[in-house]
Amino acid sequence: MQPRNMSMSGVVDLSAVKAAQEAKAKAEQARAEAARQGGGGAVSPADLVIDVDEAGFELDVLQRSTEVPVVIDFWAEWCQPCKQLSPLLERLAEEYNGRFVLAKIDVDANQMLMQQFGVQGIPAVFAVVAGQALPLFQGVAPEQQVRETLDQLVQVAEQRFGLTGLTVDPDAEQGGAPAAAEVPAGPYDVLLEAAVRALDAGDLGGAVQAYKNVLSDDPGNTEAKLGLAQAELLQRVGDLDPQRVRKEAAEKPGDVAAQIAAADLDLVGGHVEDAFGRLVGTVARTAGEDRDAARLRLLELFEVVGADDPRVTAARRALARALF
C-alpha cells in the first residue's frame, strides 16, 4: 500500500453521526459505571498519545471513547508522509490537553484493523466517539486544516455525546487513566473470544466454526456476522496466487470466478471501492447463475466492511442500478 496524499475536503459531517442519541446514552452509562467504581481520575500528559494494537483495541479505543474522543493515526515506519503528520498530531494531542486522545496504529503489525477501517492509503486519520467510527482525512494536510477538523470533532463530541475530555495532571504518573468498568460476560462472549483466539492463531476454520456457533443461536449477532464474514474472506484468499488471479481477471473480464477471486484480493488489500466496482461491473455484464454468484459475493463483502460504511451505501445504489 503506497501513501497517497489527499486534501481535507473528504472530512465527514460529524453532526450527522448515525444513532447519536443511542451512542450518547451508552457513553453516559459507561461513564456513570466508571465513576461508581472509582474512575474519573486525572491522567498524565503521556497518556494522551498511546500505541494501540488489535489485542488492546477494544479497551484502549472503543471503551476509552465513551469518555473522550479517540483520534486514530494509521501509520507505518516506511511511510514518509507519516513522519510529517504523526509528530503534528502528537503535538496537538498535548496542546489540546485531554480534549482528545491520539491512538497510533502501525498498519504493518495490525492488518485486520486496517481492513476493518477500510484504510486505502496512509497516513489515514479516523476518530472514534462513543463507539462510533468516523473517517476524518487521509494524507498530509496543513496544520490549520488539521486544527479545524479537530475543533469540529471536539465540539460535536461535547454537544452531541456529552464528552468533555479528560483531566490532565502534569504530575500524574503515566498509566493513570481510569480502569474500564468491568462488564459481566454476555451469553456469547466465551464463543466470540474463542473465535478471536482462533483468528490470532491462524486457525481460520476454527474461527469460522466459532462464529457460526454463535449465529446458530443468535442469527442477528452483529459481532459474529462481521467476524464470520472476515474469517471466511481470509480463508478464501489464503491459498490464492495473487499474481495469477489478477492476470486471469485482467485477461478474462467475462470469467466470473476470476473477477470474484480478484475482488476478494482487492478487499483484503484495502482497495474497498475497487472490489465493489469490480463486482458491480460483473453483475451488470452477466445474467443467470453468473450474475447471482457475483451479486452474492458482493453482499458478503458488504458484511466484511459494515453496512454503515458510506462506500457500502454507494455500492448498494450502484448494484441496484445494475440489477434494475
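Contact here means heavy atoms within 4.5 Å, and with that in hand I looked up how far along the chain the contacts reach in this predicted model.

**Entry 1, the chain as a whole.** Among contacts between residues at least 6 apart in sequence, I find that 72% join residues at least 24 apart. I count 13 helices and 5 strands in the chain, and of its 324 residues 45% count as buried.

**Entry 2, the sheet.** I next asked in what order the strands lie in the sheet. The 5 strands form an open sheet with the order β1-β3-β2-β4-β5, and the pairing is mixed. The edges are taken by β1 (49-51) and β5 (132-138), each of which pairs on one side only. From one strand to the next the twist averages 25°. Helix α5 (residues 143-161) packs on this sheet, where it touches β2 (70-75), β4 (124-129) and β5, and its direction makes about 165° with that of β5. Going back to the edge strand β1, I see that it runs parallel to β3 (residues 101-106) and is joined to it by 3 bridges; within this pair, V49 stands opposite L102 in β3.

**Entry 3, salt bridges at D264.** The structure holds 17 salt bridges, and I began with those that involve D264. The side chain of R236 meets that of D264 in a salt bridge, at 2.8 Å from N to O. Because R236 lies in helix α8 (residues 222-237) and D264 in helix α10 (residues 256-268), this pair ties together parts that are 28 residues apart in sequence. Is R236 buried or partly exposed? R236 has a relative accessible area of 24% and is partly exposed, whereas D264, at 2% relative accessibility, counts as buried.

D264 also forms a salt bridge with R297, and here too I note the closest N and O atoms as 2.8 Å apart. R297 sits in helix α12 (residues 288-305) and D264 in helix α10, so this pair ties together parts that are 33 residues apart in sequence. In this bridge both R297 and D264 are buried.

**Entry 4, other salt bridges.** I then looked at D266, which forms a salt bridge with R278, the closest N and O atoms being 3.1 Å apart. This pair links distant parts of the chain, with D266 in helix α10 and R278 in helix α11 (residues 272-285), 12 residues apart. D266 is buried, with a relative accessible area of 4%, while R278 is partly exposed, with a value of 24%. Elsewhere I note R91, E95, E143 and R147, which are joined into one network by salt bridges that share partners.

**Entry 5, α10 against α12.** Having found R297 in α12 bridged to D264 in α10, I checked how these two helices lie. Their axes come within 10 Å and cross at roughly 10°. Angles under 35 degrees count as roughly parallel, and α10 is therefore roughly parallel to α12. On the α10 side the contact is made by V256, I260, A263, D264 and L267, which meet D290, A293, A294, R297, L301, V304 and V305 in α12. I also asked how many residues of this contact are nonpolar, polar and charged. The residues divide into 9 nonpolar, no polar and 3 charged, and I note that D264 and R297, the salt-bridge partners, are both listed in this contact.

Notes: Residues numbered from 1 in each chain as written. Predicted model: local features only at pLDDT ≥ 70, side-chain atom pairs only at ≥ 80, totals over all residues. Heavy atoms only, no water. Pairing = 2+ DSSP bridges. Helix = DSSP H or I, 4+ residues; strand = E, 2+ residues; numbered from the N terminus. Axes fitted to C-alpha atoms, helices over the stretch in contact; angles between N-to-C directions. Buried < 20%, exposed > 50% of the residue type's maximum accessible area, 1.4 Å probe, protein only. Parallel < 35°, antiparallel > 145°, perpendicular 65-115°, else oblique. Nonpolar A, V, L, I, M, F, W, Y, C, P; charged D, E, K, R; others polar.
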